[in-house]
Amino acid sequence: MAHSIAEIAQALGATAAGDVSLTICGAAEPASAGADDLALAMDPKYADGIGKGAARAALLWQGADWQALGLQAAIFAPRGRLAMAGLTRLLDAGPVIAPGIHAMALVDPSAKIADGAAIGPFVVIGADVVIGANARIASHVSIAEGARIGADALILQGARIGARVVIGDRFICQPGAVIGADGFSFVTPEKSGVEEIRQTLGQRAEVNAQSWGRIHSLGAVTIGDDVEIGANACIDRGTIRSTSIGDGSKLDNLVHVGHNVQVGRDCLLCGQVGIAGSSQIGDRVVLAGQCGVNDNIFVGNDVIAGGGTKIFTNAPAGRVLLGYPAVKMETHLEMQKALRRLPRMMKNLSQSPDKG
Amino acid sequence: MAHSIAEIAQALGATAAGDVSLTICGAAEPASAGADDLALAMDPKYADGIGKGAARAALLWQGADWQALGLQAAIFAPRGRLAMAGLTRLLDAGPVIAPGIHAMALVDPSAKIADGAAIGPFVVIGADVVIGANARIASHVSIAEGARIGADALILQGARIGARVVIGDRFICQPGAVIGADGFSFVTPEKSGVEEIRQTLGQRAEVNAQSWGRIHSLGAVTIGDDVEIGANACIDRGTIRSTSIGDGSKLDNLVHVGHNVQVGRDCLLCGQVGIAGSSQIGDRVVLAGQCGVNDNIFVGNDVIAGGGTKIFTNAPAGRVLLGYPAVKMETHLEMQKALRRLPRMMKNLSQSPDKG
Amino acid sequence: MAHSIAEIAQALGATAAGDVSLTICGAAEPASAGADDLALAMDPKYADGIGKGAARAALLWQGADWQALGLQAAIFAPRGRLAMAGLTRLLDAGPVIAPGIHAMALVDPSAKIADGAAIGPFVVIGADVVIGANARIASHVSIAEGARIGADALILQGARIGARVVIGDRFICQPGAVIGADGFSFVTPEKSGVEEIRQTLGQRAEVNAQSWGRIHSLGAVTIGDDVEIGANACIDRGTIRSTSIGDGSKLDNLVHVGHNVQVGRDCLLCGQVGIAGSSQIGDRVVLAGQCGVNDNIFVGNDVIAGGGTKIFTNAPAGRVLLGYPAVKMETHLEMQKALRRLPRMMKNLSQSPDKG
C-alpha cells in the first residue's frame with residue numbers, strides 16, 4: 001500500500017520538505033532502498049548509504065540537508081525511534097487471517113464472539129468464552145472455557161489461553177505463548193530441605209526422603225489493556241487469586257511468570273526473564289534479558305535491572321540493579337573492577353616483606 | 001460443587017469445629033471471600049482479613065480462636081501448605097475435555113486407547129501408541145508412533161510426545177511441552193575448538209574452520225510415575241539409551257533437559273532450569289529457577305541449588321549450592337560479603353604508608 | 001532395517017575386521033546390547049561391558065583386540081564421535097510422516113509444494129508459500145504467507161514459520177520452534193530510564209512515568225542451508241532488514257534470537273542461549289548453555305563462551321570467554337580463585353598488627 005510523504009509526516013507529527021506528494025510503499029536501510037522505499041537515516045552516520053541506494057525520499061535526522069543528499073523529499077524525525085514506531089505501524093500489513101470464522105475452527109455454541117472477528121483454521125474456542133470486537137485469531141490457537149478477551153486482540157499461531165483467563169483490550173499474543181498453565185507448587189508432608197536451608201542459610205541437620213504433594217491452581221490469570229506477550233512465554237495461573245499483568249506491560253519471548261505473581265503497569269520483561277511464584281513487580285519496571293526474580297519478594301516501581309541480574313531480595317523503587325546477586329549498578333561496577341585487580345593484588349601481597 | 005466443612009476436614013486429615021455441616025463452593029483470601037467461600041488464613045497475620053470478607057468458615061492456624069473471628073465453622077491445619085494440597089485437589093474441577101474421542105481427533109487404528117479416555121479435537125495419535133485408562137488429552141496434542149503412556153494421564157493443549165517415548169502413570173503435561181525432540185549433538189571432522197579449550201583451559205593453538213556433523217538420536221525418553229512437566233519445557237531423546245526422568249519428579253515451565261540426561265526420583269527442577277547432555281541428577285534434587293548443569297557431570301542425591309546457580313563440576317550428595325560457578329551456599333555468602341567490602345579495602349590499601 | 005558390518009564400515013570410511021557379512025539392526029551400549037545390536041565401545045573403558053551384553057559385533061577404539069573381546073566382527077573408529085555421526089544417520093529411521101498431503105492439511109492453492117512432499121494432518125500452509133523437494137512436514141505446523149523453504153526440509157510438530165521467512169536447504173526444525181515472531185522493540189515518547197542509565201552508568205536524574213509505543217517488525221528472517229533449530233526456540237523478525245542465521249549453524253532448545261540479530265556460519269548456540277536485538281555473531285561461534293549476549297554488540301568469529309557467560313561488550317575474534325560479566329576464560333579462573341581466597345585474606349588482614 002502506497003503512502004505519500006505528506007501523509008507519513010502527518011501520521012508521525014513530523015515536518016516534511018520537498019515533493020511531499022511523492023509516494024513510497026516500504027521502508028529500507030539507505031544502501032538497499034529501492035525507488036519506492038523510504039530510506040531510514042535518522043543519524044548522520046547513515047547519510048553515506050543514501051547515495052548507494054535508489055531512494056528518492058528519506059526519514060532524516062533533524063536539520064539534515066536533504067537536497068545535498070540528492071533526495072526529492074524528506075521527513076525530519078526529532079526522536080528517531082519514536083518516528084519508527086509511527087512509521088512501522090503505518091507500513092505493517094499484519095498477518096493474513098481471513099475475515100470470519102474458518103470452517104475448520106471449532107467454536108463452542110455458548111461462546112460470544114463480537115463483530116469483526118477473523119478466526120483461523122484449527123482454532124478451538126471453549127464454552128462461555130467471550131471475545132471482543134475485531135479479534136484476529138490465527139491458526140491452531142486454543143482458548144479454554146470461560147476465558148474473556150477484550151477488543152482488537154491479535155492472538156497468533158498456537159497460543160494457549162487457559163480457562164477463565166481475563167484479558168483487556170488490544171492484546172497481542174505471539175505464537176506458542178501459554179497463558180494459564182498450572183502453577184508449580186508442591187509441598188512435602190514434613191518440612192522439606194528447601195524450607196530448612198532458608199532458615200539456616202545452608203546448614204542441614206539431616207536429609208530426609210521426601211515426595212511432593214501437588215497444590216492445584218484454582219486461580220486464573222488477569223491481564224490488563226495494551227499488553228503484549230512474547231513467543232513461547234509462559235504465565236501460570238494463581239493458586240487462589242489470579243496471577244496478574246498490568247496495563248501496558250510487554251513480555252518478550254520465553255519469559256516465565258510464576259503463579260500468583262503481580263506485574264504492574266508499563267513494565268518491560270525482556271527475553272527469558274523468569275519471575276518466581278508470588279513475587280510483586282511494580283510499575284514501569286524494566287528487566288533486561290535473562291533476569292531472574294526470587295519468589296515472594298517485591299521489586300519496586302521504576303526498578304531497572306541489567307541483563308542477567310538475579311534479584312534475591314526486595315528492591316526499592318527506582319533502584320538500578322546489576323549482578324548475581326543483584327546490587328546497585330554502580331556497586332556492581334566497583335566490585336567487578338576490584339575483582340579484576342584482585343589476583344594481582346594478592347600476588348603483590350604474598351610477595352610483600354611485611355606479610356603476617 | 002459444594003463440600004461440607006466436615007467432608008473437607010476429613011479429606012485433609014484435619015480437625016474441624018463449629019457447624020461442620022456448613023457447605024462451601026470455593027476458597028478465597030480472607031478479605032475477598034464470599035459467603036460460600038472457605039477463607040484461607042493459616043497464619044495469624046491473615047486474621048484481620050476475615051472481618052473484611054464475608055466468609056462463614058475458614059481454614060485456620062492450629063489453635064486459632066475461630067469464634068472470636070466471627071466464624072460459624074473452622075478447619076485447623078497444622079501444616080498450612082500441606083492442607084492447601086488437599087484442599088485445592090478437592091476444589092479443582094480440572095480442564096473441560098469431553099469424554100470419548102472427538103470427531104476431529106485422528107487416532108491411528110493400531111493405537112490402543114484404554115477405557116475412560118477423553119481425547120480432544122485436532123489431536124493426532126500415531127501408530128502403535130498405547131495409552132492407559134482414563135487419559136485426558138486436550139486439543140492439538142500429538143503423540144507419535146510407538147509412544148506408551150500410563151493410566152490417568154492429563155496431557156494439555158499442544159503438548160508434543162515423540163516417537164517411542166515411555167511414560168508412567170498419573171502423568172501431567174502442561175501445554176506446549178516437547179518430550180522427545182532430537183538431542184543437540186554435533187561433531188567436527190577434526191578436533192573442535194571446544195574440545196581443545198576443555199583440555200587447555202582456554203588456550204588455543206590456532207583456530208580452524210569447522211562445520212558440524214549431526215549425531216542422530218536413536219534413543220527415546222523414559223518417564224516414571226507421578227511426573228509433571230511444565231509448559232513449553234523440552235526433554236530431548238537420548239543418543240543410544242533413553243533420557244530418563246524418575247518417579248515423582250516435577251519439572252517447571254521452560255525447563256530444558258538435554259540428551260542422555262538421567263534425572264532421579266522426586267526432584268524439583270524449577271522454571272527455566274537447563275541440564276546439558278549426559279549429566280546425571282540424583283534423587284530429591286531441588287534446582288531453583290534458572291539453574292544450569294554442565295554436561296557429563298553428576299549432581300548427587302538431595303542436592304539443593306539456589307536460583308541461578310551454575311553447576312560446572314560434580315556435586316556431592318546433600319550439598320547446598322549457590323553461585324556462578326556453584327560453590328557451597330555458605331562459601332558463596334562469605335565470598336559475596338568479602339567482595340562487597342573489597343573496593344573499600346583496596347582503596348585503604350592504596351593509601352596505606354607501607355604499600356609496596 | 002539390517003546393515004552388514006561391511007556396509008557400515010564403508011559408510012563411516014572406517015576399517016572392519018572379522019565376519020563383515022554379519023548384520024545388525026541397531027546400536028546399543030555394550031552391556032545392554034542384544035545379538036543384533038552393534039555394541040558401542042569407542043574407548044577401552046567400555047570394554048568390560050561387551051562381555052556382559054550379547055553383541056557379536058562392536059564399534060571399537062583404534063587398535064582394539066576384538067577377538068580377545070569375544071566378538072565375531074568389529075569396526076574401528078579413529079574418532080569415535082565422528083563415527084557416531086555416520087552410524088546414527090544410517091540407523092535413524094526418522095519420524096513417520098505419510099507421503100503426500102494429508103486430507104486434513106490446509107494448503108493454500110497459491111502455494112508451490114515441490115515433488116516428494118510429506119505433509120501431515122492439521123498443517124496450515126499460507127498463500128504464495130514455496131517449499132522445496134522432499135519436504136517432510138509433521139502435524140500441526142503452520143507456514144505463513146510468502147515463506148520460502150528449500151529442499152529436504154524436516155519441520156516437526158507444531159513449529160511456526162512466519163510470513164516471508166526464507167530458509168535454505170536441508171533445514172531441520174524441532175517441535176514448537178517459532179521463527180518469525182515480531183521483535184520486542186518499544187519506545188517512550190521522552191527519553192526512557194533505560195536510555196538514561198546507559199549514558200550515566202546507573203545514575204538517574206528523576207524518574208518519569210512512561211508508556212511504550214510499539215515498533216512493528218517489517219523485516220523477516222533469513223536462514224541459510226543446513227541449519228537446525230531446537231524445540232520451542234524463538235527467532236524474531238527484523239525491524240527493517242531481516243534477522244539472519246548463516247549456513248550450517250545449529251540452535252538448541254529454547255534459544256532466543258532477538259530482532260535484527262545476524263548469526264554467522266557454523267555456529268552452535270546451546271540450550272537457552274539468548275541474543276538481544278541487533279547484535280552480530282560471527283562465524284563458528286560456540287555459546288554454551290544459558291549464555292546471554294547484550295543488544296547492539298558484536299561477537300567475533302570463533303569466539304567460544306562457557307555455560308552461563310553473559311557477554312555485555314564486543315568480543316574480539318577467537319576469544320574464549322567465561323563469567324558474568326564475560327572476561328577471558330583464564331582471567332575468570334584467576335578471579336574466581338582469588339575470590340575463593342578473599343574471605344580468609346580479609347580476616348588475616350584485619351588481624352594484622354600493621355593495618356591502618
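Two residues are in contact when heavy atoms lie within 4.5 Å. By this criterion, among the contacts in chain A between residues at least 6 apart in sequence, 19% join residues at least 24 apart. The structure analysed here is a predicted model.

Chain A contains five helices and 40 strands. The radius of gyration of chain A is 26 Å, whereas the globule rule gives 21 Å for 356 residues; the value is well over that figure, so chain A is more spread out than a compact globule. The C-alpha trace spans about 80 × 80 × 30 Å along its principal axes. Of the 356 residues in chain A, 60% are buried. The area exposed by chain A is about 13,500 Å², of which carbon and sulfur atoms supply 50%. Chain A carries 30 positive and 33 negative charges, and the mean positions of the two sets are 8 Å apart.

The pairing of strands was examined next. Ten strands of chain A form an open sheet with parallel pairing, in the order 9-12-15-18-21-26-29-32-35-38. At the edges of this sheet are strand 9 (106-107) and strand 38 (310-311) of chain A, each of which pairs on one side only. Within the order, strand 18 is followed by strand 21. Strand 18 (residues 160-161) and strand 21 (residues 178-181) of chain A are joined by two bridges in the parallel sense. In this pair, Arg160(A) stands opposite Val178(A) of strand 21.

A second set of pairings involves strand 5 (residues 37-41) of chain A. Strand 5 of chain A is parallel to strand 4 (residues 26-28) of chain A, with three bridges between them. Ala39(A) in strand 5 is the bridge partner of Ala28(A). Strand 5 of chain A also pairs with strand 6 (residues 57-61) of chain A, again in the parallel sense, over four bridges. Here Ala41(A) stands opposite Leu60(A) in strand 6 of chain A.

Strand 5 of chain A is mostly covered, with five of its five residues buried. In a regular strand, side chains alternate between the two faces of the sheet. For strand 5 of chain A, one side holds Asp37(A), Ala39(A) and Ala41(A), and the other holds Leu38(A) and Leu40(A). The residues on both sides are all buried, and both faces of the strand are thus covered. Buried here denotes a relative accessible area under 20%. Ala39(A), the bridge partner of Ala28(A), and Ala41(A), which stands opposite Leu60(A), are on one side of strand 5 together with Asp37(A).

Methods. Residues numbered from 1 in each chain as written. Chains lettered and ligands numbered in written order. Predicted model: local features only at pLDDT ≥ 70, side-chain atom pairs only at ≥ 80, totals over all residues. Heavy atoms only, no water. Rg over C-alpha atoms; globule rule 2.2 N^0.38 Å. Buried < 20%, exposed > 50% of the residue type's maximum accessible area, 1.4 Å probe, protein only. Areas by Shrake-Rupley, 256 points an atom, 1.4 Å probe, with all protein chains shown as cover. Lys, Arg positive; Asp, Glu negative; His and termini not counted. Charge placed at Lys NZ, Arg CZ, Asp CG, Glu CD. Pairing = 2+ DSSP bridges.
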